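Student: Could you take me through one part of this model in close-up, the salt bridges and what surrounds them? I'd like the local picture first and the whole chain after that.

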Amino acid sequence: PLVLGAGEALTIRHFDKGPTRLATDGRELPPLQAGQEVEVRLSPRTFRLVLGKSVGRYDILRSKLGWGG
């Protein structure tokens, strides 16, 4: 996994000739064509995350990202 700070952004640029696929948070995005870019950054929108008493944030990350432990 890649973790960015709140003020950081990541630009992904596709250099190959054919289309390529990009998935984020388990969702596949439309294919990128040569020369296209995707920028990943903090959204100005927020939401309240509801967690159960027996499940913590790291348990969710472990499950979604396949982390051991």
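**A close look at the salt bridges**

Tutor: Let's start at Glu37, which is partly exposed, with a relative accessible area of 44%. Keep in mind that this is a predicted model, so read every distance here as a property of that model. Glu37 is paired with Arg13 in a salt bridge, and the closest N and O atoms of the two are 2.4 Å apart. Arg13 sits in strand β1 while Glu37 sits in strand β4 (residues 37-40), so this bridge ties together parts that are 24 residues apart in sequence. Arg13 is partly exposed too, with a relative accessible area of 44%. A residue is called buried under 20% and exposed over 50%, so a value of 44% puts Arg13 in the partly exposed class.

How many salt bridges does the structure hold? There are three. Another one joins Arg21 to Glu28, with 3.0 Å between the closest N and O atoms. Arg21 counts as exposed at 55% relative accessibility, and Glu28 counts as exposed as well, at 52%. Then there is Arg41 with Glu39, again with the closest N and O atoms 3.0 Å apart. Here the partners fall in separate classes: Arg41 is exposed, its relative accessible area being 54%, whereas Glu39 is partly exposed at 48%.

Now stay around the Arg13–Glu37 pair and step along the chain. His14 belongs to the loop between β1 (10-13) and β2 (23-24). Is His14 buried or exposed? With a relative accessibility of 8%, it counts as buried. The residues touching His14 give you a feel for its surroundings: leaving aside neighbours within four places in sequence, His14 is in contact with Pro19, Thr20, Leu32, Gln33, Ala34, Gly35 and Gln36. There is also a short polar approach on the loop side, where a polar atom of the His14 side chain lies 2.4 Å from the backbone oxygen of Gly18.

Back in strand β1, have a look at Leu10. Leu10 is partly exposed, with a relative accessible area of 27%. Not counting residues up to four places away in sequence, Leu10 touches Leu2, Leu4, Val38, Glu39 and Val40. Glu39 you've met already, as the salt-bridge partner of Arg41. Val40 is worth a second look: Leu10 and Val40 are 30 residues apart in sequence, yet their C-alpha atoms are 5.1 Å apart in space. Put that next to the Arg13–Glu37 bridge, which links β1 and β4, and you have two separate views of how this stretch of chain comes together.

For contrast, move to the far end of the sequence. Leu61 is placed in helix α1 (residues 57-65), and with a relative accessible area of 32% it is partly exposed. Together with Tyr58, Leu65 and Trp67, Leu61 makes a nonpolar surface patch of about 410 Å². Further on, Gly68 is in the segment after α1, and it is exposed, with a relative accessible area of 67%. Gly68 and Gly26 are 42 residues apart in sequence, and from C-alpha to C-alpha they are 18 Å apart in space.

So where do these parts fit in the whole chain? The protein chain has one helix and four strands, running β-β-β-β-α from the N terminus on. Its C-alpha trace spans about 50 × 30 × 20 Å along the principal axes. The radius of gyration is 16 Å, against a value near 11 Å for a compact globule of 69 residues. Just how much of the chain counts as buried? The figure is 6% of the 69 residues, and His14 belongs to the buried class.

The accessible surface comes to about 6500 Å², with 54% of that belonging to carbon and sulfur atoms. As for contacts with a separation of 6 or more, 40% of them are between residues 24 or more positions apart. The Arg13–Glu37 bridge, with its partners 24 residues apart in sequence, is a nice local case to keep in view while you turn the model around.

Note on methods:
Residues numbered from 1 in each chain as written. Predicted model: local features only at pLDDT ≥ 70, side-chain atom pairs only at ≥ 80, totals over all residues. Heavy atoms only, no water. Patch = residues over 30% accessible without salt bridge, like charges linked within 9 Å, V, L, I, M, F, W, Y side chains within 5 Å. Areas by Shrake-Rupley, 256 points an atom, 1.4 Å probe, with all protein chains shown as cover. Salt bridge = Lys/Arg side-chain N within 4 Å of Asp/Glu carboxyl O. Buried < 20%, exposed > 50% of the residue type's maximum accessible area, 1.4 Å probe, protein only. Polar contact = N/O pair within 3.5 Å; in protein donor to acceptor, adjacent residues only side chain to side chain. Contact = heavy atoms within 4.5 Å. Rg over C-alpha atoms; globule rule 2.2 N^0.38 Å.
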